[in-house]
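Open the model in a viewer and keep the sequence panel beside it. The stops below say what to select next and what is there.

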Amino acid sequence: MKTLLKIIVVTCITGSVFALFYHQDTLKSLSVFKNYEVGDTLDIYENVVVYYNGSTGNVSGRNTTEDGYNLGLKYQCVEFVKRFYYERYNHKMPNSYGHAKDFFNKNIDDAELNPDRDLLQFNHPSVNIPKVGDLIVFDASIFNAYGHVAIVAHVGKDEIEIVQQNTGTQSRSTYPMNFENEKYTIGAVGILGYLRRK
(Lines give C-alpha, C1' and ligand atoms only; values in the text may rest on other atoms or scores of the structure.)
Protein backbone atom coordinates (compact mmCIF):
# COMPACT_ATOMS: atom_id res chain seq x y z
CA MET A 1 0.00 0.00 0.00
CA LYS A 2 2.85 2.42 0.87
CA THR A 3 4.56 1.63 -2.44
CA LEU A 4 1.36 2.36 -4.36
CA LEU A 5 0.96 5.66 -2.48
CA LYS A 6 4.58 6.63 -3.34
CA ILE A 7 3.97 5.84 -7.00
CA ILE A 8 0.82 7.99 -7.02
CA VAL A 9 2.61 10.93 -5.34
CA VAL A 10 5.61 10.72 -7.69
CA THR A 11 3.29 10.47 -10.72
CA CYS A 12 1.32 13.54 -9.59
CA ILE A 13 4.45 15.60 -8.98
CA THR A 14 6.01 14.53 -12.29
CA GLY A 15 2.79 15.28 -14.15
CA SER A 16 2.51 18.70 -12.52
CA VAL A 17 6.09 19.62 -13.37
CA PHE A 18 5.59 18.44 -16.96
CA ALA A 19 2.33 20.44 -17.24
CA LEU A 20 4.01 23.59 -15.91
CA PHE A 21 6.90 23.16 -18.34
CA TYR A 22 4.64 22.34 -21.28
CA HIS A 23 2.30 25.28 -20.61
CA GLN A 24 4.93 27.84 -19.59
CA ASP A 25 4.03 30.18 -22.46
CA THR A 26 0.42 30.20 -21.34
CA LEU A 27 1.46 30.85 -17.74
CA LYS A 28 3.72 33.71 -18.79
CA SER A 29 0.78 35.35 -20.56
CA LEU A 30 -1.08 35.60 -17.25
CA SER A 31 -0.49 39.00 -15.62
CA VAL A 32 0.53 37.48 -12.30
CA PHE A 33 3.57 35.87 -13.97
CA LYS A 34 4.61 38.81 -16.16
CA ASN A 35 7.61 40.95 -15.36
CA TYR A 36 6.05 44.37 -15.80
CA GLU A 37 8.09 47.54 -16.13
CA VAL A 38 6.80 50.84 -14.77
CA GLY A 39 4.66 52.41 -17.48
CA ASP A 40 3.61 49.11 -19.10
CA THR A 41 -0.04 48.72 -20.06
CA LEU A 42 -2.00 46.58 -17.58
CA ASP A 43 -5.52 47.07 -18.87
CA ILE A 44 -7.59 49.23 -21.19
CA TYR A 45 -11.04 50.41 -20.16
CA GLU A 46 -13.21 52.47 -22.53
CA ASN A 47 -10.08 53.14 -24.64
CA VAL A 48 -8.23 54.58 -21.63
CA VAL A 49 -5.03 52.79 -20.61
CA VAL A 50 -4.33 51.56 -17.07
CA TYR A 51 -0.56 51.64 -16.47
CA TYR A 52 1.63 49.61 -14.13
CA ASN A 53 3.36 51.66 -11.42
CA GLY A 54 5.54 49.13 -9.60
CA SER A 55 5.31 49.95 -5.90
CA THR A 56 2.36 52.13 -4.89
CA GLY A 57 4.67 54.94 -3.75
CA ASN A 58 6.58 55.15 -7.03
CA VAL A 59 6.54 58.57 -8.73
CA SER A 60 7.57 59.00 -12.38
CA GLY A 61 6.93 62.72 -12.79
CA ARG A 62 3.78 64.69 -13.46
CA ASN A 63 1.41 64.05 -16.37
CA THR A 64 -0.15 67.13 -17.95
CA THR A 65 -2.20 67.64 -21.09
CA GLU A 66 -0.99 69.68 -24.06
CA ASP A 67 -2.88 72.71 -22.75
CA GLY A 68 -1.30 72.38 -19.29
CA TYR A 69 -4.12 70.68 -17.36
CA ASN A 70 -2.68 68.67 -14.46
CA LEU A 71 -3.64 64.99 -14.62
CA GLY A 72 -1.50 64.06 -11.63
CA LEU A 73 1.59 62.07 -10.81
CA LYS A 74 2.23 59.45 -13.47
CA TYR A 75 0.78 56.00 -12.89
CA GLN A 76 -0.84 56.89 -9.54
CA CYS A 77 -4.55 56.18 -9.02
CA VAL A 78 -5.46 59.89 -9.21
CA GLU A 79 -3.73 60.24 -12.59
CA PHE A 80 -5.82 57.40 -14.03
CA VAL A 81 -9.23 58.68 -12.94
CA LYS A 82 -8.48 62.26 -14.02
CA ARG A 83 -7.08 61.04 -17.34
CA PHE A 84 -10.18 58.84 -17.76
CA TYR A 85 -12.53 61.78 -17.19
CA TYR A 86 -10.44 64.02 -19.45
CA GLU A 87 -10.11 61.54 -22.34
CA ARG A 88 -13.57 59.98 -22.09
CA TYR A 89 -15.69 62.99 -21.13
CA ASN A 90 -13.42 65.99 -21.86
CA HIS A 91 -13.86 66.91 -18.18
CA LYS A 92 -11.40 69.18 -16.37
CA MET A 93 -11.65 69.53 -12.61
CA PRO A 94 -11.52 73.12 -11.30
CA ASN A 95 -9.17 71.91 -8.56
CA SER A 96 -6.69 69.71 -10.40
CA TYR A 97 -4.65 68.86 -7.29
CA GLY A 98 -5.14 66.81 -4.15
CA HIS A 99 -4.73 63.28 -2.88
CA ALA A 100 -7.28 60.58 -3.67
CA LYS A 101 -9.19 61.01 -0.40
CA ASP A 102 -9.48 64.77 -1.09
CA PHE A 103 -11.76 64.11 -4.07
CA PHE A 104 -14.61 63.59 -1.60
CA ASN A 105 -15.80 66.58 0.44
CA LYS A 106 -17.47 65.40 3.65
CA ASN A 107 -19.26 68.76 4.03
CA ILE A 108 -21.35 68.26 0.88
CA ASP A 109 -24.81 66.66 1.09
CA ASP A 110 -25.72 63.54 -0.86
CA ALA A 111 -26.32 64.22 -4.58
CA GLU A 112 -25.04 67.81 -4.38
CA LEU A 113 -22.36 69.43 -6.55
CA ASN A 114 -18.73 69.12 -5.49
CA PRO A 115 -17.39 72.43 -6.91
CA ASP A 116 -13.70 71.41 -6.63
CA ARG A 117 -14.32 68.52 -9.02
CA ASP A 118 -17.37 69.91 -10.89
CA LEU A 119 -19.08 66.57 -10.31
CA LEU A 120 -22.15 65.47 -8.37
CA GLN A 121 -21.17 63.78 -5.11
CA PHE A 122 -22.94 60.82 -3.51
CA ASN A 123 -22.38 59.58 0.02
CA HIS A 124 -21.78 55.97 0.93
CA PRO A 125 -24.22 54.46 1.61
CA SER A 126 -26.58 56.42 -0.64
CA VAL A 127 -30.15 56.26 -1.89
CA ASN A 128 -28.57 56.60 -5.35
CA ILE A 129 -27.14 53.46 -6.92
CA PRO A 130 -23.59 53.76 -8.35
CA LYS A 131 -23.42 54.03 -12.14
CA VAL A 132 -20.85 52.94 -14.70
CA GLY A 133 -18.32 55.74 -15.11
CA ASP A 134 -18.64 57.02 -11.54
CA LEU A 135 -15.42 57.95 -9.79
CA ILE A 136 -15.36 56.04 -6.49
CA VAL A 137 -13.38 57.43 -3.54
CA PHE A 138 -11.78 55.43 -0.72
CA ASP A 139 -10.67 57.08 2.53
CA ALA A 140 -7.16 56.98 3.97
CA SER A 141 -6.24 53.89 5.96
CA ILE A 142 -3.50 52.76 8.30
CA PHE A 143 -1.64 51.38 5.26
CA ASN A 144 -2.44 54.25 2.86
CA ALA A 145 -2.52 57.83 4.13
CA TYR A 146 -3.65 59.23 0.76
CA GLY A 147 -6.75 57.16 0.03
CA HIS A 148 -7.60 55.63 -3.32
CA VAL A 149 -9.79 56.42 -6.34
CA ALA A 150 -11.10 54.20 -9.12
CA ILE A 151 -13.74 54.10 -11.85
CA VAL A 152 -16.92 52.02 -11.67
CA ALA A 153 -16.70 49.67 -14.65
CA HIS A 154 -19.79 47.50 -14.09
CA VAL A 155 -22.90 47.62 -11.90
CA GLY A 156 -24.87 44.44 -11.40
CA LYS A 157 -27.86 43.62 -9.25
CA ASP A 158 -25.73 42.73 -6.25
CA GLU A 159 -22.15 43.71 -7.13
CA ILE A 160 -19.97 46.36 -8.72
CA GLU A 161 -16.65 46.11 -10.53
CA ILE A 162 -14.06 48.87 -10.44
CA VAL A 163 -11.06 49.53 -12.68
CA GLN A 164 -8.03 51.14 -11.04
CA GLN A 165 -4.38 52.03 -11.32
CA ASN A 166 -1.49 51.70 -8.83
CA THR A 167 -2.61 48.50 -7.13
CA GLY A 168 0.17 46.20 -8.31
CA THR A 169 -0.91 44.10 -11.28
CA GLN A 170 -4.58 43.95 -10.25
CA SER A 171 -6.49 46.50 -12.33
CA ARG A 172 -10.00 45.20 -11.53
CA SER A 173 -11.81 44.41 -8.29
CA THR A 174 -15.37 43.26 -7.67
CA TYR A 175 -17.32 44.05 -4.50
CA PRO A 176 -20.73 42.91 -3.29
CA MET A 177 -23.49 45.51 -3.14
CA ASN A 178 -26.80 45.37 -1.32
CA PHE A 179 -29.84 47.55 -0.81
CA GLU A 180 -30.85 47.90 2.83
CA ASN A 181 -32.78 50.60 4.67
CA GLU A 182 -33.46 52.33 1.36
CA LYS A 183 -29.73 52.76 0.65
CA TYR A 184 -27.10 51.07 -1.50
CA THR A 185 -24.07 49.74 0.38
CA ILE A 186 -20.89 48.47 -1.28
CA GLY A 187 -19.02 45.76 0.63
CA ALA A 188 -15.57 47.34 0.60
CA VAL A 189 -13.73 48.97 3.48
CA GLY A 190 -13.29 52.74 3.50
CA ILE A 191 -15.58 53.90 0.69
CA LEU A 192 -16.46 57.57 1.21
CA GLY A 193 -18.70 57.85 -1.82
CA TYR A 194 -18.71 58.41 -5.57
CA LEU A 195 -18.69 61.31 -7.99
CA ARG A 196 -20.61 61.62 -11.25
CA ARG A 197 -20.89 63.93 -14.23
CA LYS A 198 -23.80 66.39 -14.01
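Contact, as used on this tour, means heavy atoms within 4.5 Å. The model is predicted, so to speak of a local feature requires pLDDT of at least 70 and side-chain atom pairs count only at pLDDT 80 or more, while totals for chains, interfaces and linings use all residues. Residues are numbered from 1 along each chain as its sequence is written, and side-chain values use heavy atoms, with hydrogens and water left out.

**The whole chain**

Start with everything selected and colour by secondary structure. The chain has 3 helices and 12 strands; these are DSSP runs numbered from the N terminus, helices being H or I over at least four residues and strands E over at least two. Of its 198 residues, 36% count as buried. Buried means under 20% relative accessible area, exposed means over 50%, and partly exposed is in between, with a 1.4 Å probe and protein chains only. The exposed surface comes to about 11,700 Å², and carbon and sulfur atoms supply 53% of it; accessible areas come from the Shrake-Rupley method with a 1.4 Å probe, and for residues only the protein chains shown count as cover. Among contacts with a separation of 6 or more, 48% are between residues 24 or more positions apart.

**G193 and its contacts**

Select G193, which is in strand β12 (residues 191–196). G193 counts as buried because its relative accessibility is 0%. Now add F104: the two are 89 residues apart in sequence, yet 7.1 Å apart in space, C-alpha to C-alpha. Beyond the neighbours within four places in sequence, G193 is in contact with F104, F122, N123, H124, L135, I136 and V137.

**I186 and the cis bond**

Move to I186, in strand β11 (residues 183–186). Buried or exposed, at 3% relative accessibility? I186 counts as buried. Outside four places in sequence, its contacts include H124, P130, I136, I160 and Y194. Next select P125, which is 61 residues from I186 in sequence and 7.4 Å from it in space, C-alpha to C-alpha. P125 sits in the loop between β6 (119–123) and β7 (135–138). Look at the peptide bond from H124 to P125: it is cis, with omega near 0°. Most residues other than glycine have a negative phi, and most peptide bonds are trans.

**Two positive phi values**

Select A111, in the loop between α3 and β5 (112–114). A111 is not a glycine, but its phi is positive, at about 70°. With 34% relative accessibility, A111 counts as partly exposed. Then select N166, in the loop between β9 and β10. Phi of N166 is also positive, near 70°, and N166 is buried, with a relative accessible area of 8%.

**Paired strands**

Show β8 (residues 148–155) and β9 (residues 159–163), which pair in the antiparallel sense over 4 bridges. Two strands pair if DSSP finds at least two bridges between them. A hairpin of 3 residues joins β8 to β9, and I151 has V163 in β9 as its bridge partner. Add β10 (residues 172–180): β9 and β10 pair in the antiparallel sense over 5 bridges. Here V163 has R172 in β10 as its bridge partner.

Then go to β1 (residues 41–45) and β2 (residues 48–51), an antiparallel pair with 4 bridges. T41 is bridged to Y51 in β2. The hairpin of β1 and β2 has 2 residues between the strands, and E46 in the turn has a positive phi of about 50°.

**The largest pocket**

Finish by selecting C77, A100, N144, Y146 and G147, which lie nearest the centre of the largest pocket among its 33 lining residues. The elements giving two or more residues to that lining are β4 (70–73) and α3 (77–89), and α3 gives the most, with 4 residues. How much space lies in the largest pocket? About 700 Å³.

On a 1 Å grid over the protein atoms alone, a pocket is an open set of points where a 1.4 Å probe fits, with protein on both sides within 12 Å along at least five of seven lines, and lining residues have an atom within 4 Å of a point. Points are joined across faces, edges and corners, and the volume is the space filled by probe spheres set on them.
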